[in-house]
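Welcome! Here are a few short exercises to work through with the structure open beside you.

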Amino acid sequence: MKFYKFPQAAGIDTLELHETPTPQPGRGQILVKMRAASLNYRDLNVAAGRAARGTLPPNLVPLSDGAGEVVALGADVTRVAVGDRVAGMFMQNWLGGDMEAYHVDSSRGGAIDGVLAEYVVFDQDGVVPIPAHLSFEEGATLPCAGVTAWNALYAGRSLRAGETVLILGTGGVSIFALQFAHAAGARVIATSSSDDKLARVKALGASDGVNYRQHPEWHEQVLALTHGRGVDHVVEVGGAGTLARSVEAARIGGQVHLIGVLTGGEINPTPILRRNTVLRGIYVGSRQMFQAMNAAIALHEIRPVIDRVFDFDRARDAYHHLKGQTHVGKVVIRIP
Ligand SMILES: NC(=O)c1ccc[n+]([C@@H]2O[C@H](COP(=O)([O-])OP(=O)(O)OC[C@H]3O[C@@H](n4cnc5c(N)ncnc54)[C@H](OP(=O)(O)O)[C@@H]3O)[C@@H](O)[C@H]2O)c1
């Protein structure tokens with residue numbers, strides 16, 4: 001089978017295509033014929049050789065997110081059947097409850113090998129069925145970006161109909177948050193670098209858009225749009241450089257879900273306590289969250305927003321496209 005690896009990750013163009021015998025599932029494991037994989041911002045960090053913790057293993061197979069069809073079972077597999085359409089989980093062993101350190105050590109495409117391969121062996125517990133109305137390309141977008149957005153809105157103090165959610169930018173996590181919030185009857189305000197992208201998010205259900213290039217003090221626009229009150233939830237993908245404005249854009253007692261690290265800067269804690277802001281760190285999510293999300297996606301027939309699909313032999317181009325940040329939603333690689 002063909003697969004990609006970074007012999008030593010030192011930039012996108014150090015990604016190499018290789019061949020190896022197709023692996024076989026052992027006891028409790030399944031073999032999945034991968035049909036699609038999707039990229040996250042994190043995969044650009046991995047390509048650059050940056051690990052979330054410690055150092056990246058050499059010869060790493062990249063990408064956490066993929067979907068495919070179960071084609072073989074090892075001994076004692078009862079949870080999954082041949083023919084099931086499944087997606088792999090980001091953290092392979094975080095099934096439910098609170099996250100523990102050892103869950104992080106099972107992260108695909110970082111701590112352990114990822115899914116940019118024709119065949120991948122999973123533990124039977126490391127996959128979830130994808131909703132029936134989704135293609136493999138769509139299903140491949142769910143494990144990181146989808147579950148992260150779901151965790152933000154539903155695994156803490158849950159989003160309620162009529163509340164307002166602020167999303168920053170129009171990348172993978174933010175667009176999933178928009179779709180989940182819109183389906184729940186919440187109002188969505190979006191920021192973006194681009195008016196064209198803001199038109200796209202309005203077509204997807206956002207009530208208002210703020211161009212943060214034209215309005216560097218974008219939190220003031222958000223406050224004006226909420227009659228000075230502020231939003232109930234901020235899906236904070238910007239990091240230290242946007243956090244202060246996110247806190248100002250949230251209502252007193254509002255929740256700011258800390259997800260991203262797109263920008264750097266320094267944080268002053270005083271406004272956080274003065275505004276009683278609830279800051280919540282998010283690291284993807286558990287299988288329990290993934291399954292709850294899939295139930296909602298199936299019920300509302302939500303379709304993940306795919307910006308562009310690349311062929312398997314153009315995987316490097318997919319990375320360059322993501323890095324260019326012209327996308328809205330997800331960038332996907334089709335696996336033959
Ligand atoms: N904690 C977790 O579990 C977790 C999970 C997934 C992702 N993340 C993090 O969340 C962030 C987003 O990930 P992703 O995969 O969704 O990224 P992505 O698809 O690459 O989207 C990035 C988008 O963010 C927007 N952006 C860039 N700089 C911005 C700024 N200063 N203010 C507002 N928006 C900005 C841009 O959209 P516009 O052009 O529309 O502005 C850009 O296209 C990354 O830092 C990633 O590492 C964390």
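Domain bounds here come from an automatic or database domain assignment. Keep in mind that the model is predicted.

**Exercise 1.** Find the domains of the protein chain and state how far apart their C-alpha centres lie.

*Solution.* Start with the assignment: domain 1 covers 2-144 + 304-334, and domain 2 covers 156-281. Next, take the C-alpha centres of domain 1 and domain 2, which lie 28 Å apart. Now look at where the domains touch: domain 1 gives 7 residues to the contact, and domain 2 gives 7 residues. Finally, sort the side of domain 1 that touches domain 2 by class: 3 residues are nonpolar, 3 are polar and 1 is charged.

**Exercise 2.** Trace the open sheet formed by 6 strands and name its edge strands.

*Solution.* Follow the order β10-β9-β8-β11-β12-β13, with parallel pairing. At the edges you meet β10 (208-211) and β13 (278-281), each of which pairs on one side only. Then check the twist: on average, neighbouring strands of this sheet are turned by 20 degrees against each other, direction ignored.

**Exercise 3.** Zoom in on β8 and β11, and find what lies across them.

*Solution.* First locate β8 at residues 164-168 and β11 at residues 231-236; they run parallel and are joined by 3 bridges. Within this pair, Leu 166 stands opposite Val 234 of β11. Last, look for helix α8 (residues 240-249): this helix lies across β8, β11 and β12 (250-258). Compare directions, and you find helix α8 running at about 165 degrees to β11.

Technical notes
Residues numbered from 1 in each chain as written. Predicted model: local features only at pLDDT ≥ 70, side-chain atom pairs only at ≥ 80, totals over all residues. Pairing = 2+ DSSP bridges. Helix = DSSP H or I, 4+ residues; strand = E, 2+ residues; numbered from the N terminus. Axes fitted to C-alpha atoms, helices over the stretch in contact; angles between N-to-C directions. Contact = placed C-beta atoms within 7 Å. Nonpolar A, V, L, I, M, F, W, Y, C, P; charged D, E, K, R; others polar.
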